[in-house]
Amino acid sequence: MELFKLFLFAVLSAFSEAFQKPPTVLIHKANNLENSWKNSQVNLSQNHWAPNIKYHARLGDQANGAAAANQAAEVSLDVLKDTLKSSHRVANADENVKNNGINHKAFNNKIPSLEINIPVNREQQPSHNDFADKEHLNQEESHGKSRIVWDWHDFSINMEDYVVPEQKVRRSPISTSGEPWPLPQYYIKKPKVLQFSPNFKFVYLKHSCDIIDHAITRYRKYILQDSLPDLFYNNLKNAHGFHFEESINKYESKIYKNAPVITTFQIDIHTPCEGLYPSDKTEESYDLVIKESGCYLSAKQVWGALRGLETLSQLIVKSPDGDLYIKDVVIGDYPRFTHRGVMIDTSRHYLYKDIIFDVLEGMAQNKMNVLHWHMVDDQSFPYESKVFPELSEKGAYHPSMVYNHKVISEIIQFARLRGIRIVPEFDNPGHTYSWGLGRPDLLTQCYERSRPVNGYLGPINPTKNMSYTFLKKLLNEVLHVFKDKYIHLGGDEVPLTCWQSNPEVVRFAAHLTGSNIAEDTDVHKVLEYYERRVINDLAKIGKRRPEGVRVVLWQEVLNNNFQLPNDTIIQIWQGDMFDVERAAKRGHQIVYSTCWYLDLIEYGIKWPKYYTCDPADTSGGYDFEESDVLGGEACLWSEYIDNEEIMTRLWPAASATAERLWSSKDVKDIDKAGQRLYEHRCRMLSRGLRVGQINGPDYCPRHGRMREYDRPIVQEHDCEGCSKPVDADGLTFVAVFIVAALLGGVLVQYSHNGGLVGNLKACRSRTIMFTFMLLLLLYVMCYTTIWVHIMDLKRIYPWRQKIM
């Protein structure tokens, strides 16, 4: 009876408390247990904060000193304990609740931090930037005040005592200012700032080459022209009950007015870099130091210097007056995984060269280093082969929609200058319908009830030696066009029904298995034979190449338990860590893609699931080493995506993948990542990339200019840390000026001697002479640009010095 009374009292108390005040935040459906814990909202009493909301701001009237502080300290420890115990996250909440807060190390993202820091006076009121850095603003508890919560789905603005779901206002989280993406491994920053001079110079300490020369030219432009303005403005400052102190005022402070000026930035590359191409052994580590005593970038290889320059450009912020500032920082950085890729599909929709350039530029800005180029498929064959030209002549969508060797070379060179490898994929034996448009003899004839179906051709015929000879010649050409040692052979979704219907393939399968009953033979053995033979042929080609050859295959070969060479790389696209473990135990290395299929359309904010996906997650008890996983790829299949959509679908969604593959595995804070990702999106727009939306309603200061890629990709020029090469028109003007000066000198010399003037006086028809000179002058004016340069004579050289 006593227990029943206690139970009844508890129920009545719960109902009484529930009806005293409506819930303040909606409970959103979570994707998994972790997300469910993080997204669930705990409705506390009026004097309590909700401990599971990280981006939580109550903004209103000025707090009243000690009284407000005491009121804020009244966080119910009992409520926190009950919450933690009910979530089954800890065994003893008493050990983790300390000093009216949460032990961050103990919970480590199990529950967001709870900090109580009430401004006492107006001078202590947090600024807009403080909100971005400290993650919250606080105020005294009172009725009718506004509050802000970002819970991955909505950035919700609600009234404290009156919340109606239909009135929820969606907003993006507040942006950071001058924060890098992806987050470096070691990153220490101080409040001190330095100013970048518009005339700063890069200085080489050791080695230089075309790669770093072009990078300096590129990043000088990013820094001077495309640095992102401080995103300090927020229109919520105009709302009743909100007090935002705009950070524009910080640029009037002494720390900015008296900031030391950086005029020289030193780059130290330890090894030579001439003629290098990125590879699977690329070293991308770097150290970046920004101090008043000196600023320098140090890297073992040029590839690390490229990553360091990207980080440098992201740390710089433009003030409202156009000045460039950077914080005092020390960074030691390196990638967690060596394979950080993006997969594009140019068979379903042909992608133009400048679009592929944009994809590569976005990869460089996210420190990704492998472009997986799914070049051909059932729909079209845009690769122009010199060995088998009929493949693209009949298999491409249109004669103009092909990638010849020159275009491919330009794309490879563009990628090389950004430290990006290009891995081609020629998916076979399935996904080869377009191959048969030019070579129908290559594919398998499919049957129905023992009769061949006219025009119905399946995968490459595995029973003909001609098929393997053809592949050996084609892939040998591909390996010479593309510089990387990796080649992707697909091997996925092979329609075995066609093989099973073909009597010749069935007899071949019976021969391989030693079976006497051909009708019951499983053709999976034929597929295994096919894959092993093609891989062996490529291994023979690899022996003639200094770097060798490594084959990548999709997951199906693992699902079918094929016995393949251990150096074959398996790309997981259907499974999870169980399949990673299986592949690792078979001796294979893995590229993971299951959770990063960006072409799958979903409504709302979906990047957190990309961000929380770990390609080497052993927390579930899986037994494999992180070194077994080379990395991962964000895949964008183009059945319903073309040139106009690819950039908005790819970026900045793939940025979440990029940080997961580069940064430490302990970097998991989605709330902080959301703020940095907002800034990073605006930065990519500022640099001219037409990227898409990521966090919901927000703004960026300006959309970037359109990028121009019609200039030569490689320009040989000296780099005076690094000066702009002289344009062709400038050289023409200089040459004409020198010739004119020489002729003037000759004229003066002859006039002093009387020879030339005397000859002119002796001329019988001076009209002919002057007519000739007039025609010569008209020719020069019409067919050269000398008259333009004469008009610009006063500003040509000052202009060049200015852009340095």
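Trainee: Why is the disulfide of C209 and C273 called left-handed?

Mentor: In this predicted model, the torsion about the S-S bond of C209 and C273 is about -115°, so the disulfide is left-handed.

Trainee: What makes C209 and C273 a disulfide in the first place?

Mentor: Their sulfur atoms lie 2.1 Å apart, and a pair of cysteine sulfur atoms counts as a disulfide when it is within 2.5 Å, so C209 and C273 form one. The pair links distant parts of the chain, with C209 in the loop between strand 6 (186–204) and helix 7 (210–226) and C273 in the loop between strand 7 (261–269) and strand 8 (286–291), 64 residues apart. Both C209 and C273 are buried.

Trainee: How many disulfides does this rule give?

Mentor: The count comes to 4 disulfides, one of which joins C446 to C498, with an S to S distance of 1.9 Å.

Trainee: Why is the disulfide of C446 and C498 said to tie together separate parts of the sequence?

Mentor: C446 belongs to strand 15 (residues 443–448) while C498 belongs to helix 15 (residues 496–501), so the pair connects parts that are 52 residues apart in sequence. The torsion about the S-S bond of C446 and C498 is about -100°, so this disulfide is left-handed.

Trainee: How do you know that C446 and C498 are buried?

Mentor: A residue is called buried when its relative accessible area is under 20%; C446 has 1% and C498 has 4%, so both of these cysteines meet the criterion.

Trainee: What makes C595 and C613 a disulfide, and which hand does the disulfide have?

Mentor: The S to S distance between C595 and C613 is 1.8 Å, which falls within the 2.5 Å limit, and the torsion about their S-S bond is about -75°, so the disulfide is left-handed. C595 sits in the loop between strand 20 (589–592) and helix 20 (607–611), and C613 in the loop between helix 20 and strand 21 (629–636), with 18 residues of separation. C613 has a relative accessibility of 11% and therefore counts as buried.

Trainee: Why is C635 in no disulfide?

Mentor: The nearest cysteine sulfur to C635 is that of C595, 9.8 Å away, whereas a disulfide requires the sulfur atoms to be within 2.5 Å, so C635 is left without a partner by this rule. C635 is nevertheless buried, with a relative accessible area of 0%.

Trainee: Turning to the helices, why are helix 14 and helix 17 called oblique to each other?

Mentor: The axes of helix 14 (residues 465–481) and helix 17 (residues 524–542) come within 10 Å and cross at roughly 45°. Angles under 35 degrees would count as roughly parallel and those of 65 to 115 as roughly perpendicular, so a crossing of roughly 45° belongs to neither class and the two helices are oblique. Helix 14 passes helix 17 in a right-handed crossing.

Trainee: Which residues make the contact between helix 14 and helix 17?

Mentor: On helix 14 they are N465, Y468, L471, K472, L475, N476 and L479, and on helix 17 they are Y529, Y530, R533, V534, D537, L538, K540 and I541. By class, this contact has 9 nonpolar, 2 polar and 4 charged residues.

Trainee: What share of the chain counts as buried, and how many helices and strands does the chain have?

Mentor: Of the 804 residues, 53% count as buried, and the secondary structure comes to 28 helices and 21 strands.

Methods
Residues numbered from 1 in each chain as written. Predicted model: local features only at pLDDT ≥ 70, side-chain atom pairs only at ≥ 80, totals over all residues. Heavy atoms only, no water. Helix = DSSP H or I, 4+ residues; strand = E, 2+ residues; numbered from the N terminus. Buried < 20%, exposed > 50% of the residue type's maximum accessible area, 1.4 Å probe, protein only. Axes fitted to C-alpha atoms, helices over the stretch in contact; angles between N-to-C directions. Parallel < 35°, antiparallel > 145°, perpendicular 65-115°, else oblique. Left-handed = near helix turned anticlockwise from the far one by under 90°. Contact = heavy atoms within 4.5 Å. Nonpolar A, V, L, I, M, F, W, Y, C, P; charged D, E, K, R; others polar.
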